Amino acid sequence: TSTFTPDDVTIRDVPSTRVAIMEHRGDPATLGATIRRFIEWRRAAGLRPSTNPTFTVWRSDRRPVSPADYGVDLCVGTDQPIAANGKQIKVGEIPGGRC
């Protein structure tokens with residue numbers, strides 16, 4: 001286990017980030033398939049990890065009592081217009097502020 005001190009924490013103000021979102025809802029055992037679809041879509045859209053940050057937003061407990069209650073949003077930051085190209089992609093924003 002790691003022990004952290006206040007000196008290990010950096011607090012900064014960050015701008016809001018416009019993102020494309022692929023939702024995963026349901027059994028966490030199928031998350032890998034959603035991640036593969038997200039990566040495939042991101043590549044096709046030309047959104048590279050080196051230029052477009054990737055975010056994972058948990059919408060539920062990581063291990064909910066019922067697998068049907070599991071929820072994760074896979075996000076990629078972009079200021080480009082977002083084309084779903086047949087995938088289930090939503091446009092969203094991760095709010096800025098003090099982090």
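Student: Among contacts between residues at least 6 apart in sequence, what share joins residues at least 24 apart?

Tutor: This is a predicted model, so the figure is computed from predicted coordinates. Contact here means heavy atoms within 4.5 Å. Of the contacts in the chain between residues at least 6 apart, those joining residues at least 24 apart make up 70%.

Student: What pattern do the secondary structure elements follow along the sequence?

Tutor: The chain has one helix and six strands. Reading along the sequence gives the order of these elements. The pattern is β-β-α-β-β-β-β.

Student: In what order do the four strands of the open sheet lie?

Tutor: Work through the pairs. β3 and β4 pair over five bridges, in the antiparallel sense. β2 and β4 are joined by seven bridges, also antiparallel. β2 and β5 then pair antiparallel over five bridges, and the order of the open sheet is β3-β4-β2-β5.

Student: Which are the edge strands of that sheet?

Tutor: Four strands form the open sheet, ordered β3-β4-β2-β5. An edge strand here pairs on one side only. That description fits β3 (54-58) and β5.

Student: By how many degrees are neighbouring strands of this sheet turned against each other on average?

Tutor: The pairing in the sheet is antiparallel. The angle ignores direction. On average, neighbouring strands are turned by 35 degrees.

Student: Which residue in β4 does I21 stand opposite?

Tutor: β2 covers residues 17-25, and β4 covers residues 71-77. Seven bridges join the two strands. From the β3 side, F55 stands opposite C75. From β2, the residue opposite I21 is C75.

Student: Which residue of β5 stands opposite V19?

Tutor: β5 spans residues 90-94. This strand pairs with β2 over five bridges, in the antiparallel sense. Opposite V19 stands G92.

Student: At about what angle does helix α1 run to β2?

Tutor: Helix α1 takes in residues 31-44. The helix lies across β2, β3 and β4. Relative to β2, α1 runs at about 145 degrees.

Student: Which residues line the largest pocket, and what is its volume?

Tutor: The lining consists of V14, P15, S16, T17, F55, I94, P95, G96 and C99. F55 also stands opposite C75 in β4. The volume of this pocket is about 160 Å³.

Student: How many residues of that lining are nonpolar, polar and charged?

Tutor: The lining includes V14, F55 and I94. It also includes S16, T17 and G96. The division is six nonpolar, three polar and no charged.

Student: Is P64 buried or exposed?

Tutor: P64 is in the loop between β3 and β4. Its relative accessibility is 17%. The cut-off for buried is under 20%. Because 17% falls under that cut-off, P64 counts as buried.

Student: Which residues does P64 contact, leaving aside its neighbours within four places in sequence?

Tutor: Start with a C-alpha distance: P64 and D27 are 37 residues apart in sequence and 9.7 Å apart in space. Contacts are a separate matter, counted between heavy atoms within 4.5 Å. With neighbours within four places set aside, P64 is in contact with D69 and Y70.

Student: Why does D61 count as exposed?

Tutor: D61 is placed in the loop between β3 and β4. From D61 to G46, 15 residues away in sequence, the C-alpha atoms are 32 Å apart. Exposed means over 50% relative accessible area. D61 counts as exposed because its relative accessible area is 57%.

Student: What is the relative accessibility of R62?

Tutor: R62 is also found in the loop between β3 and β4. R62 and D7 are 55 residues apart along the chain, and their C-alpha atoms are separated by 28 Å. R62 counts as exposed, with a relative accessibility of 55%.

Student: How far apart are the C-alpha atoms of A29 and S2?

Tutor: A29 is in the loop between β2 and α1. A29 is exposed, at 67% relative accessible area. Along the chain, A29 and S2 are 27 residues apart. Their C-alpha atoms are separated by 29 Å.

Student: What percentage of the chain's residues is buried?

Tutor: The C-alpha atoms fill a box of roughly 45 × 35 × 20 Å along the principal axes. The chain has 99 residues. P64, at 17% relative accessibility, counts as buried. Buried residues make up 26%.

Definitions and conventions:
Residues numbered from 1 in each chain as written. Predicted model: local features only at pLDDT ≥ 70, side-chain atom pairs only at ≥ 80, totals over all residues. Heavy atoms only, no water. Pairing = 2+ DSSP bridges. 1 Å grid on protein atoms, 1.4 Å probe; cavity = no way out; pocket = protein on both sides within 12 Å on 5 of 7 lines; lining within 4 Å. Points joined across faces, edges and corners; volume = space filled by probe spheres on them. Nonpolar A, V, L, I, M, F, W, Y, C, P; charged D, E, K, R; others polar. Axes fitted to C-alpha atoms, helices over the stretch in contact; angles between N-to-C directions. Buried < 20%, exposed > 50% of the residue type's maximum accessible area, 1.4 Å probe, protein only.
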